[in-house]
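Trainee: Hey, have you got a few minutes to go through a structure with me?
Mentor: Sure, put it up and ask away.
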Amino acid sequence: MAAVPAPLSVETIRDAPKVLLHDHLDGGLRPGTVVELADAIGYTALPTRDPGELAGWFLGAAHSGSLERYLETFGHTVAVMQTPEALARVAAECAEDLAADGVVYAEVRFAPELHVEQGLDLDEVVLAVLDGFRTGTARAAAAGRTIRIGCLLTAMRHAARSREIAELAVRYRDVGVVGFDIAGAEKGFPPTRHLDAFEYVRQQNAHVTIHAGEAFGLPSIWEAIQWCGADRLGHGVRIVDDIAVDADGTVKLGLLAAYVRDTRIPLEMCPTSNVHTGAARSLAEHPIGLLTKLRFRVTVNTDNRLMSGCSMTSEMAALVDTFGYGWADLRWFTVNAMKSAFIGFDERLALINDVIKPAYAALVR
Ligand SMILES: [Zn+2]
């Protein structure tokens, strides 16, 4: 009798190992934690103190279809993440939540410069978050879930601290920081504004990912890769603008799209978030379908779990529903992500061969 694949359900997808490369610490707080931290510091600007209503409010703001409006929601989460205790708690809960969702390896990013409003310095911010990840990872292990977390330090593209943040990323490379990123509104703030930061990181043999091609088009992606030396692209959705599909189905890649595919530059795609910010009209029309078919190095990510009301499990389940993907496709996304991680080759290989492949072999059957 032929082996039958395991059923694809939210439960089985949650149990399958998953790898997450693009997740913002200040976009993944538990709603109840936002309320408790706000109460503790006397922050009164939250739209509601009811965690359920607050979760709905974040989701509604995320649905507005504007990246600028979406970014506004971070005013609240960042406001309650200004002490070492708050940062460590949020990081610990992040590790626990991801582990409970079946994530075995995650790179979580945050912008240290946003957490210095109450007097912390950049180093104190990084240390508090790293401490929180250690605590959360240990708690997850005690609950029977193994997760490893690497940290990405983000500089804000409209600000002028990118070189400092790049130096911070290199300084903490041996204790949990695995790379450098820039984020924020793309329009008007091209990545080439931060060339010295990228040059420094590359000269130190460290890794770079850049938010590009989310709200803004091909020039942003081109600058990120060819001027700034990005190892990966955050989103990269608009690379489809360089791909022509004729009525008869013939596909022609432009030079940039061909370069991205040929050199296997990973795309950190965040389908639900992209629909929320208007980078894609719907999940069905999301370029991830075409890019997967064309075998770009596509990875699946959450971006902001709180604002988008999503998890790695819900993202994978939504792709299964929308595009009819099976276990072999979910394994492909997962191995793609693991190959693209910023930890060492031997460590990536061990996770692929010892954790990911055996688990999916049992599911694909
Ligand atoms: Zn992002």
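Mentor: We'll talk through some strands and then a helix residue, keeping in mind that this is a predicted model.

Trainee: Great. Is strand β2 mostly buried or exposed?
Mentor: Buried. Strand β2 covers residues 103–110, and eight of the eight are buried, so the rest of the structure largely encloses it.

Trainee: Which strand pairs with β2 over five bridges?
Mentor: That's β1, residues 18–24, and the pairing is parallel. For one bridge to look at, Lys18 has Val103 in β2 as its partner.

Trainee: And which one pairs with β2 over six bridges?
Mentor: β3, residues 148–156, again in the parallel sense. Try Val108 there: its bridge partner in β3 is Cys151.

Trainee: What does the chain pass through to get from β2 to β3?
Mentor: Helix α7, residues 122–142, and this β-α-β crossover is right-handed.

Trainee: Switching topic: where does Val355 sit?
Mentor: In helix α17, which spans residues 345–364.

Trainee: Why does Val355 count as partly exposed?
Mentor: Because 18 other C-beta atoms lie within 10 Å of Val355, and buried would take 20 or more.

Trainee: OK, so what does Val355 contact, leaving aside neighbours within four places in sequence?
Mentor: Pro17 and Val104. Val104 falls within the residue range of β2, 103–110, so that takes us back to the strand you started with.

Trainee: Nice! How far apart are Val355 and Pro17?
Mentor: Along the chain, 338 residues, yet their C-alpha atoms are separated by 7.4 Å.

Technical notes:
Residues are numbered from 1 along each chain as its sequence is written. This is a predicted model: local features need pLDDT of at least 70, side-chain atom pairs count only at pLDDT 80 or more; totals for chains, interfaces and linings use all residues. A residue is buried if 20 or more other C-beta atoms lie within 10 Å of its own, exposed if 12 or fewer, and partly exposed in between; C-beta atoms are placed from the backbone. Helices (H or I, at least four residues) and strands (E, at least two) are DSSP runs, numbered from the N terminus. Two strands pair if DSSP finds at least two bridges between them. A crossover is right-handed if, with the strands pointing away from the viewer, the path from the first strand over the helix to the second runs clockwise. Two residues are in contact if their C-beta atoms, placed from the backbone, lie within 7 Å.
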